[in-house]
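User: Please examine the following complex and answer a series of questions about its protein–DNA contacts and selected protein elements.

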Number of protein chains: 2
Amino acid sequence: MTKAPEKAPHRVTLEDVARRAQTSSITVSRALRRPEMVSEKLRARIAEAVTELGYVPDPAASALASRRSNVIGVLIPSVTNSVFADVLAGLYDTIAGQPFNAQLGNTRYAPGIEDALIRVFLGQRPAGLIVTGVDQSPVSRALLEAADCPIVQIMDLGNAPIDMMVGFSHRDAARTATEHLIARGYSCPAFIGARMDPRSERRLQGFRDALAAAGITEGARVVTTTTPSSVALGETLLAQLLAQAPETDAILCNNDDLALGVQFAALRRGIAIGPELGLCGFNDLEVMAAAHPSITSVRTFRREMGKLAIEMLLARIEGRDPDAKVRDLGYALMPRDSTRRDRA
Amino acid sequence: MTKAPEKAPHRVTLEDVARRAQTSSITVSRALRRPEMVSEKLRARIAEAVTELGYVPDPAASALASRRSNVIGVLIPSVTNSVFADVLAGLYDTIAGQPFNAQLGNTRYAPGIEDALIRVFLGQRPAGLIVTGVDQSPVSRALLEAADCPIVQIMDLGNAPIDMMVGFSHRDAARTATEHLIARGYSCPAFIGARMDPRSERRLQGFRDALAAAGITEGARVVTTTTPSSVALGETLLAQLLAQAPETDAILCNNDDLALGVQFAALRRGIAIGPELGLCGFNDLEVMAAAHPSITSVRTFRREMGKLAIEMLLARIEGRDPDAKVRDLGYALMPRDSTRRDRA
DNA sequence: ATGAAAGCGCTAACAC
DNA sequence: GTGTTAGCGCTTTCAT
């Protein structure tokens, strides 16, 4: 079987459907997009013709004529990070069945790539755009502000939304987690962080807020790296942390992968997670509750974020007002065995 | 700031660029797509005009005129499953910089959705299509065989490729893993599986192949469910397995999430992973090597699969022949502590 | 409620 | 190497 460009077999067009339904192409077009504008009888004939001929609309022609595509552009910094995978899941679930197509752009945490992708996406006259975070480059920001489609910034909050926003305060979330460690009686909490994108930096800030409020000095108990996060890295950072700050009795990890790695490393070193070393992750991936010991984490509402971002866009595309331009989804501390000093 | 549809400020077109460069739009078009067809002098003038005006091509117009879009459609059954996330990462890495756009379709393991998505994608006259697995519905298969673009089936192998294929034998991989368990002295290996899509079924088949070859009876040591996989499910399935087949001394898990869940559950029950219970996962996610004890798994080459799928498509789109129409990426057993009976 | 005409921005086909 | 013409399949605008 060859897949070489065979002679294109005439594509079924609105014209064809119209002929079959004994009407004009524009009426078919209307019947498909705004059925209420077409009489019931005609609508039925058209529907029949559509299925009989297997008509599929051409999005390119539609986009060209209407100067508006059905593309919803989604810019995320990483496809492998399961945090974003969850956002995407919520997003795809919500967009399914809607006449829109999510188109993914992978910025790889690089502002330059993000600028370029925004340009390309805007060139498609998207129905809407979803971008990650609130720390766009000046170039990106200018492009987005001039764009004539609705835009949602996700994953974070800030006081100067480009248009709409759905996220939560990373700083507050990390502060809450740190306060939990302190309340549980850990007196020398540490922070380890990988990747250290702007959201990670805000978490570190929240950690510091809590220490300051409790009058605890930070010492050398902050270890960060720009290396991408991984479970194995948790072990490395733990070693570094304990070497430079042996007084450490609890750790807030920038994310759950690191926390898991710390837990495995502690097991290996014979350190009792909970009694000897408190441990808290971030995001609350499914594995945290199932781990042994179970690991305390801060739950974030990632699927909901994807869902809401699409819903906000749809509202605006349909001319409705979204419930609010800025939505704070909050977070939820999930205390577990890894922060229990009295564990068996 | 309002994002309501403002008056569209005239889009920069080829015409505009042409006027500025004192030539015709078709020449600008050529200069952009096949620079070698345009004289060097003109090309320079055009390049200058393009940047000065900030020209961005309109993919819709291009698709309409050329009857060929720059979309590469990608159909996967799940966005959250990190196995597919890795494939996507390889795929996005490889497509970056190429004049193509990957467009994701989420089939959610439902043939009906897959049929519909294929229709929609084909309606875009894609440059190529990537579909997961070799078990398409008759409808999907017919659509794909009639499509006039190159197609790659990924994640599995089969003897009737629609066009091209890149994957590995799940059956052989599972057989190898089971043989490893048997070789390590485990005499009553079990299989637990979640989701049980066609690829999982083939792994189970491979498990059975190995038992048969070794003359081991299967007994009640196969526990499967159609529930989506998770770490927590590993614990549930382990309980069920041990209840119905207490003789079990090793487990091949359908994937790594389950294996991790089994390991945590074993820890909780005081079962020594390795000496008392052999454990093997599937896919070799990063966490397997970092776990304590480290967990034996079968490595699969997921990023490479994404990369190769794109490369094969690009080859065909550019009229070259891919190195081969069917590529077997194989797999690699990664023996670790979880299958060492002599572990401390 | 329905239709005719025009054109979205680009490229294929064919000149020169 | 460069330009002209026509048209991709749809929607907009304006008429009826």
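**Contacts with the DNA strands**

Analyst: In this predicted model, a polar side-chain atom of B:Arg33 lies 3.4 Å from a phosphate oxygen of DNA strand C; a polar contact is a pair of N or O atoms within 3.5 Å, where pairs within protein need one atom able to donate a hydrogen and the other to accept it, and residues adjacent in sequence count only if both atoms are side-chain atoms. Residues are numbered from 1 along each chain as its sequence is written, and chains are lettered from A and ligands numbered from 1 in the order in which they are written. Local features need pLDDT of at least 70 and side-chain atom pairs pLDDT 80 or more, while totals for chains, interfaces and linings use all residues, and side-chain values use heavy atoms, with hydrogens and water left out.

User: Which element gives the most residues to the surface near DNA strand C?

Analyst: A residue is near a strand if one of its heavy atoms lies within 4 Å of it. Helices are DSSP runs of H or I with at least four residues, strands are runs of E with at least two, and both are numbered from the N terminus. With 4 residues, the leading contributor to the surface near DNA strand C is α4(B).

User: What percentage of the atoms of DNA strand C within 4 Å of the protein belong to sugar or phosphate?

Analyst: Among the residues that come nearest to DNA strand C are A:Thr23, A:Arg30 and B:Tyr55. A phosphate oxygen of this strand is 3.1 Å from an N or O atom in the side chain of A:Ser24, and another contact places a phosphate oxygen 3.5 Å from a polar backbone atom of B:Asp58. Bases make up the rest of the strand C atoms within 4 Å of the protein, and the sugar or phosphate share is 72%.

User: At what distance does a polar side-chain atom of B:Arg30 lie from a base nitrogen of DNA strand D?

Analyst: B:Arg30 is one of the residues that come nearest to DNA strand D, out of 26 around it. Sugar and phosphate account for 66% of the strand D atoms that come within 4 Å of the protein. Phosphate oxygens of strand D are approached by the side chains of B:Thr23, at 2.5 Å, and A:Arg33, at 3.3 Å. For B:Arg30 and the base nitrogen, the distance is 2.6 Å.

User: Is B:Ser69 buried or exposed?

Analyst: B:Ser69 lies in the loop between α4 and β1 (71-76) of chain B. Its side chain reaches the backbone oxygen of B:Gln124 at 3.0 Å, and its contacts (heavy atoms within 4.5 Å) beyond four places in sequence include B:Ala63 and B:Pro126. Buried means under 20% relative accessible area, exposed over 50% and partly exposed in between, using a 1.4 Å probe and protein chains only. Because its relative accessible area is 10%, B:Ser69 is buried.

User: Which residue in β8(A) stands opposite A:Phe191?

Analyst: A:Phe191 belongs to β6(A), where A:Pro189, A:Phe191 and A:Gly193 on one side and A:Ala190 and A:Ile192 on the other are all buried. Two strands pair if DSSP finds at least two bridges between them. β6(A) pairs in the parallel sense with β8 (residues 250-253) of chain A over 4 bridges. In β8(A), the residue opposite A:Phe191 is A:Leu252.

User: Which residue of β7(A) is the bridge partner of A:Gly193?

Analyst: Strand β7 (residues 222-224) of chain A runs parallel to β6(A), and 3 bridges join them. The bridge partner of A:Gly193 in β7(A) is A:Thr224.
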